[in-house]
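Visitor: Hi, I'm new to this one. Can you pull it up and walk me through a few helices?

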Amino acid sequence: MNKQRLETFGDAIIAIALTILVLKLAQPTSLTLEGFWSIKEGFIAYFISFLIIFNVWYNSHNFFHVIDDVDELTVWMQGFTLFMMSLLPYFTSMVSQNIFSLPAETMYSLTLIGIHIFYILTVKAVFRSNRDNPKLIEGDYLNKHVNTPLIIIAIGFIIGYLAYPPAILISCLITVVIWIITFRHFKDVII
């Protein structure tokens with residue numbers, strides 16, 4: 001399959017997810033600083049979700065830039081990644097309504113875990129079908145830090161379930177920051 005078709009489809013899903021994400025933000029009861037402060041959890045959850053979606057889009061763009069075609073397995077793995085991303089607005093809304101809800105925090109972070117796992121499986125599928133691509137090898141897309149986000153979210157789960165439920169959301173933010181730091185060198189390889 002031509003990679004541009006997959007990228008175009010992904011861009012459309014991401015645009016829709018981001019639109020829904022912002023439309024699900026609660027409106028303040030009053031247009032004052034206090035009114036906006038009262039819905040700060042919604043903005044925090046929105047910010048983290050936006051970073052997740054933007055980061056996956058950015059890394060996918062850079063990653064697909066170095067290959068010519070994709071195989072069927074890559075299409076399916078990217079499709080599952082996009083499916084998990086399409087769930088983010090729903091669970092972001094849940095978390096923003098009650099940031100101390102363990103079920104909402106759990107579902108939100110499980111969505112992030114799903115995105116991470118399917119993205120890594122997409123990368124592995126591309127590597128499998130493009131074994132001789134020097135830019136993929138140079139890019140080190142599957143480096144030693146690939147499992148760090150899962151460890152951080154596991155720590156967030158432990159803290160969240162034992163003491164402070166928002167620790168799960170905080171671990172998601174830390175995970176996204178690690179994604180950004182870990183994958184940012186790919187653009188240097190590609191450009």
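Visitor: Which residues in H3 meet which residues in H5?
Guide: In H3, Ala45, Ile48, Ser49, Ile52, Val56, Asn59, Ser60, Phe63 and Phe64 do. Their partners in H5 are Tyr108, Leu112, Ile115, Tyr119, Thr122, Val123, Val126 and Phe127. Contact means heavy atoms within 4.5 Å. Helices are DSSP runs (H or I, at least four residues), numbered from the N terminus. This is a predicted model, where local features need pLDDT of at least 70, side-chain atom pairs count only at pLDDT 80 or more, and totals for chains, interfaces and linings use all residues. Residues are numbered from 1 along each chain as its sequence is written, and side-chain values use heavy atoms, with hydrogens and water left out.

Visitor: What classes of residue make up that contact of H3 with H5?
Guide: There are 13 nonpolar, 4 polar and no charged residues. Nonpolar covers Ala, Val, Leu, Ile, Met, Phe, Trp, Tyr, Cys and Pro; charged covers Asp, Glu, Lys and Arg; the others, Gly among them, are polar.

Visitor: And at what angle do the axes of H3 and H5 cross?
Guide: Roughly 5 degrees, and the axes come within 12 Å. That makes H3 roughly parallel to H5. The label applies to angles under 35 degrees, while over 145 is roughly antiparallel. Axes are lines fitted to C-alpha atoms, for helices over the stretch in contact, and angles run from 0 to 180 degrees between N-to-C directions.

Visitor: Switching to H1. Which residues are buried there?
Guide: Lys3, Leu6, Glu7, Gly10, Ile14, Ala17 and Leu21. Seen down the axis of H1, they fall within an arc of 90 degrees, so they line one face. The arc uses directions from the helix axis to the C-beta atoms. Buried means under 20% relative accessible area and exposed over 50% (1.4 Å probe, protein chains only).

Visitor: What is exposed on the other side of H1?
Guide: Arg5, Thr8, Ile16 and Leu23.

Visitor: What do the buried residues of H1 pack against?
Guide: H3 and helix H4. The axes of H1 and H3 come within 11 Å and cross at roughly 170 degrees. That makes H1 roughly antiparallel to H3. Their contact has 11 nonpolar, 3 polar and 3 charged residues.

Visitor: New topic: Pro149. Which helix is it in?
Guide: Pro149 is in H7, residues 148-162.

Visitor: Is Pro149 buried or exposed?
Guide: Buried, because its relative accessibility is 3%.

Visitor: What is Pro149 in contact with?
Guide: His116, Thr175 and Trp179, leaving aside neighbours within four places in sequence.

Notes. Helix = DSSP H or I, 4+ residues; strand = E, 2+ residues; numbered from the N terminus. Parallel < 35°, antiparallel > 145°, perpendicular 65-115°, else oblique.
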